[in-house]
Amino acid sequence: MRVGYLITGPQREMRNDNLYPLILKIILLSGMSAVALWAMIILIGMEEYWLVGALAAGVLCINFVFLNRRAYPFRYILPGLIFFVAMVIFPLVYTVRIAFTNFGTGHFLTKRRAIEVLEGRYYRPQDPVRYTFQAFQNEAGALRVILTTIDGDSFISDAEQLIAVDLSQVRFIDDNNDGLIDRFDGYRRLTRMEIFRNLAALERLRLSKDEYIVKMTSPAEFTRFHQRFRYDPIEEVMIDLKTGTIYRPQYGIFTSAAGERLTPGFKADIGWRHFREILHNPAISRPFFRVFYWTFLFAGLSVVTTFALGLFLALTFNDPLLGGKKFYRSILIIPWAIPGFISVLIWAGLFNTEVGIINQLIGHRIPWFQDPFLARTALILVNLWLGFPFMMTISLGALQSIPHELHEAAYVDGASPWQRFHSITFPLLMVSLAPLLVGSFAFNFNNFALVFLLTGGGPHIPGMPGAAGATDILISYTYKLAFGGGGWGIQYGLASAVSIIIALIIGTISLINFKLSGTFKEVTIDV
Amino acid sequence: MKKFITLLLSFILLVGITGTVGASVPGVLTIWADGTRAQILEPIAAEFAAAYGIQVIVHEIGFGELKPKFLIAAPAGEGPDILIGAHDWVGELTAAGLLAQIHLKPEEKELLSPVGINAFSWGGELFGFPYIMEAVALFYNRALVPVPPTTFEELITIARKLTDPEVGKYGFLWDAANFYFTFPFLSASGGYVFGVDEYGALNPRDIGLANEGAIRGGELILRLVKERIIFPGVDYGVMAGLFTAGRAAMIINGPWFISDVRAAGIDYGIAKLPTIDNNVMRPFVGVHGFMINSLSRNIVIANYFLRTYVFTKEIQLQIWRADPRIPTFLPAFLSPEVQADPDVKAIGLSAADGIPMPNIPEMGAVWAVMGAALGHIITTELSPAEALTAAVEAIKGLIRY
């Protein structure tokens, strides 16, 4: 029927289809558009114009696809596309964008916000002028204050200005002659309790007079402040009004000629700086290449060991002579069934040099996590435990798909068991398993949780600058660099730059993956 | 229709993420605190609200989450008015422009411990109200060690007698590869993390972790390894487990461990760390305090709440009763009730010798690198001088970036 209406056109559909779905569709679409519009307004307030644009484009697309009949087929791929953009394209673009900025500790604010923070910074002179105050409110709720210095000089607020005033004028009325003004010009004095209720509004008052401002410093007093910094938008410099020093923006931070820096800094584009640092700063680059090498070794060894054990067990279970297969298989699946986080932590305890059960059984204090080679061995062993059930399962599945006749034919031809495995089973297995093995390699390449929980990347290699350890892989090293003591708090920019490099490596591996699976397909034709 | 609903839900989710919980609202005080602190503050906040007509909302956030969340939320105007946290956040938060300066009157300043004030100062200005402090001290099992040692030589003599790893007995242990716990060894003879410049601010270019004093501390650790008193592979968990099992006689730990020891039923005592060659061991002092968000719209109210309400003897004692840590508010600390607690007294003495943990962000580079260097000393891969010198070079390299 769907195909039919596409051919016969809109009129036909109007008659055939019920009107209610259409109404519901319009209600839902307008509801969604309204929510999106609301979100856009919030996002505009947060100055996230990229997100606003993306949201607007998304909503327009959805509305178009659901309202235009010609776009009907797109209804099936649109949700997928939207998620693809939101979950894959956007993070990708965002990461690349961040990699070229200094976003991180000290550079969280936008430039405008950083200027606001600095311009909003006041200093009080050594011996500040303090004022007691009375707050007044009129019927409309407007607030005014009368400030009095210790010398008895009085000032009244008028909008944002502070004006000297003579309180003996007739408009100031003291009803009970207690020396305090009770009302003037329709304004009535607030009691202490009412002042508390209006603290938030009073606190926002910035009363300027001459070159200073006066603001509230406690519920009992106002204090005179001087502005500390002023931004010159033409010269793009920050001027320290107290000392006269000029600060110029440099890598996202206002810096004086003498090298003094004004915090907070702001998010700024710094070009290829992170990539240059990764290559040239020995504190980062020397460990980086070492870690790079171990990451490949770790991922490679993990795949080889888990696959070898998994395949061996699968072949064993595939033997029709073995009894109790179901029992063994269930037992061997257990490592896979326990959440990795828990089993890795348990393994860390088992391997403990001093109290671990492994050393107690062996009867020697083997420094599992203190010696680089042993720590790497422990890592590979634990990964073997975690990884072989997966390899066993996929191998079992793949073994089922190999036609039994091939084995029989080889048997009749007099092939030995090894020859049968080597020439028939293994090549046929690889057809379906090779892409999974490459996938497993890519997974282990980024196996952060295992490294982080088991060894924390340690032990440190003597003489290696920085915090990189013998078992650190790229992703755990990136984490250390960016979040765990890389030098300066949290560095999203640097982390993004390293992630891009990792992504390029993984991308290359995937490319090889596609090539490899193609090659193996030809093998099947040969057989 | 399912698709519509899915799409709608995903948009609601998107909006939900950008929306917020626990943000500063004019006229209402919002506080972010970890679980322990939030529970203590709830009734205090309620009393303040009743007395002054200002609503106080306490949001409970995990301690580890507090700083990262604040760093993200506050610049977007979504932060709380008051953040309760550790003093070593001050550098990072101030560098991000997120903490309001606090101007204490001289008479207010006198009521707070100088160590606390020092800890919350940054560039000579104050950015938080310190309320408790903590430092590590010597925990000992009274059943094994009736009288705690006062010098390190005494400690070694006692430990040697009590150590027999073959039967799982240990005389003296601590998380030696953890710089936080091992710093007192390096500081005793003059090691320091960062020097102080002429304005009293910490100078990240002056690192004193490989000077003569620090290396002497390293040599002492090496001696403990060679005498087979401490062993590589003993980390915090192992140490804590052995002590609560009654299998470790003396350990270095902090006040957070007291409740665990009590729960384990160990007859314990806490003593000041012993002296090394007549020099006192100076542990890191951690101070917790109340910080005010610089972008808050309730700075005056927050100040008022803290000055005239929270920082009074009565409320500070109330906090102490709920969570016995060392108060930095002196009238509370000096009250007979607090002074009668032997644990607080011992840890207070330890903290009195202590050095506030550096609050500048450069400290981030120190932890991991020093942990690695201590690891090399303990495994005897490198001599203390080699390990510490290399570590200082590494820290300098990281700070430069």
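## Exercises on chain B of a predicted model

**Exercise 1.** Which residues touch the most other members of the largest nonpolar core?

*Solution.* Start with the core itself: it holds 172 residues. Now look for the ones that touch the most other members, and you land on Phe172(B), Trp174(B), Phe179(B), Phe185(B) and Leu209(B). Next, see which element feeds this core: helix H17 (residues 363-378) of chain B gives the largest share, 9 residues. Keep in mind that this is a predicted model.

**Exercise 2.** What does Phe172(B) touch, leaving out residues up to four places away in sequence?

*Solution.* Take Phe172(B) and work along the chain. Among its partners that come earlier in numbering are Leu138(B), Phe152(B), Leu155(B), Ala159(B) and Thr163(B). Then carry on to Phe185(B), Leu224(B), Ile229(B), Ile230(B), Met250(B) and Ile252(B). Phe185(B) should ring a bell, as it was listed in the first exercise too.

**Exercise 3.** Why is chain B said to be as compact as a globular protein of its length?

*Solution.* First, sort out the secondary structure: 18 helices and 17 strands. Then compare two numbers: the radius of gyration is 23 Å, and the globule rule gives 21 Å for 401 residues. Those are close, so chain B is as compact as a globular protein of that length. For a picture of the extent, its C-alpha atoms fill a box of roughly 70 × 55 × 50 Å along the principal axes.

**Exercise 4.** How many positive and negative side chains does chain B have?

*Solution.* Count each set: 28 positive and 39 negative. Then find the centre of each; the two lie 3 Å apart.

Terms used: Residues numbered from 1 in each chain as written. Chains lettered and ligands numbered in written order. Predicted model: local features only at pLDDT ≥ 70, side-chain atom pairs only at ≥ 80, totals over all residues. Heavy atoms only, no water. Helix = DSSP H or I, 4+ residues; strand = E, 2+ residues; numbered from the N terminus. Rg over C-alpha atoms; globule rule 2.2 N^0.38 Å. Core = buried A, V, L, I, M, F, W, Y, C linked by side-chain atoms within 4.5 Å. Buried < 20%, exposed > 50% of the residue type's maximum accessible area, 1.4 Å probe, protein only. Contact = heavy atoms within 4.5 Å.
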